[in-house]
Amino acid sequence: MTSPPQRATSRWLRAVIVVLLIAVPAGYLVLSAHQSRDSGKDKQAVASATGLVWEWPSKATRRIYDVPIPLKSTYVGYFETNSWQESALYVQFRTSPEKLDAFLAEVGTSRAELRHGERTVTDRQAGLVGWNLGVSGHDYAGTTVRQPGYRPDLSITVDLTRPERPQVYVVSTAKF
């Protein structure tokens, strides 16, 4: 037989356990709902963007469009368009010369393939996201990477005006 203080402790312990069994899952549900709601807001903001979004595109988006942005790149921005016939990812970033070379190698080209004075991102494409790739006195070079099948084609224009920190503009286009 238990003594009265042990019964009180036992009741108190059961009450705490019951409260925890109710409070912890309820707290988890509230937190989960709040995070889910915030996630939807982020996705809505990206979907309704009318210009560059100044952050890194998701890893999945970078993989789908074959745009491997080098680590430690700065001034990263992107914009995505979708239609029945074509989807495109517009990306810009600033990087180092070594990482530019690594980026070009990863997408299947090289610095030797960049044609000086050529801008492969069209004026229409540049205008869509507010890029001004016709600034006089800038050293532009470009190349296009055509890929087989349903893999996207890449139009790459590099501003080499500051050779220590080249600015890269990429339009990755997938046609269906």
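# A briefing on a predicted protein model

Among the contacts in the protein with a separation of 6 or more, 54% are accounted for by residues 24 or more positions apart. This is a predicted model, and the points below walk through it topic by topic. The protein has 176 residues, and 36% of them count as buried. Its secondary structure consists of four helices and six strands.

**Overall layout**

- Reading from the N terminus on, you will meet the elements in the order α-α-β-β-α-β-α-β-β-β.
- The accessible surface of the protein comes to about 11300 Å². Carbon and sulfur atoms hold 58% of that surface.

**Helix 1 and a nonpolar patch**

- Helix 1 covers residues 4-47, and W12 is found in it.
- W12 is exposed, because its relative accessible area is 58% and the cut-off for exposed is over 50%.
- W12 also helps make a nonpolar surface patch, together with L13, I17, V18, L21 and I22. The patch measures about 650 Å².

**Strands 4, 5 and 6**

- Strand 5 spans residues 153-159 and is mostly covered, with six of its seven residues buried.
- On one pairing, strand 5 joins strand 4 (residues 140-145) in the antiparallel sense, over six bridges. If you want a residue pair to look for, A141 has V158 in strand 5 as its bridge partner.
- Strand 5 also pairs with strand 6 (residues 167-175), again in the antiparallel sense, over seven bridges. Here you can look for I156, whose bridge partner in strand 6 is V170.

**Helix 3 and its two faces**

- Helix 3 runs over residues 97-106, and its residues L100, F103 and L104 are buried. Seen down the helix axis, the buried residues fall within an arc of 95°, so they line one face of helix 3.
- What covers these buried residues? The cover of the buried residues of helix 3 includes strand 2 (86-94), strand 5 and strand 6.
- On the face turned away from the buried side, helix 3 carries the exposed residues E98, A105 and E106.
- Just after helix 3 comes G108, which takes a positive phi of about 95°.

**Salt bridges**

- Side chains of opposite charge can pair when their charged atoms come close. With a cut-off of 4 Å between nitrogen and oxygen, the count comes to seven salt bridges.
- One of them joins R111 and D101, whose closest N and O atoms are 2.8 Å apart. This pair links distant parts of the chain: D101 sits in helix 3, while R111 sits in the loop between helix 3 and strand 3 (115-116), 10 residues apart.
- R111 is partly exposed, with a relative accessible area of 33%. D101 is partly exposed too, with a relative accessible area of 34%.
- Another salt bridge brings together the side chains of R119 and D123, at 3.5 Å from N to O. R119 counts as partly exposed at 37% relative accessibility, whereas D123 is exposed, with a relative accessible area of 61%.
- E164 and R162 form a salt bridge as well, and their closest N and O atoms are 3.3 Å apart. Both partners are partly exposed: E164 has a relative accessible area of 45%, and R162 has one of 41%.

**Positive phi angles outside glycine**

- Which residue in the loop between helix 2 (59-64) and strand 1 (74-82) is worth a look? That loop holds K72, which has a positive phi of about 65° although it is not a glycine.
- K72 counts as exposed because its relative accessibility is 71%, and the cut-off for exposed is over 50%.
- Y75 lies in strand 1. The phi of Y75 is near 50°, which is a positive value in a residue other than glycine.
- Is Y75 buried or exposed? Y75 is exposed, with a relative accessible area of 57%.

Key: Residues are numbered from 1 along each chain as its sequence is written. This is a predicted model: local features need pLDDT of at least 70, side-chain atom pairs count only at pLDDT 80 or more; totals for chains, interfaces and linings use all residues. Side-chain values use heavy atoms; hydrogens and water are left out. Patches are made of residues with over 30% relative accessible area and no salt bridge: like charges are joined within 9 Å, nonpolar side chains (Val, Leu, Ile, Met, Phe, Trp, Tyr) within 5 Å. Accessible areas come from the Shrake-Rupley method with a 1.4 Å probe; for residues, only the protein chains shown count as cover. Buried means under 20% relative accessible area, exposed over 50%, partly exposed in between (1.4 Å probe, protein chains only). Contact means heavy atoms within 4.5 Å. Two strands pair if DSSP finds at least two bridges between them. The arc is that of the directions from the helix axis to the C-beta atoms.
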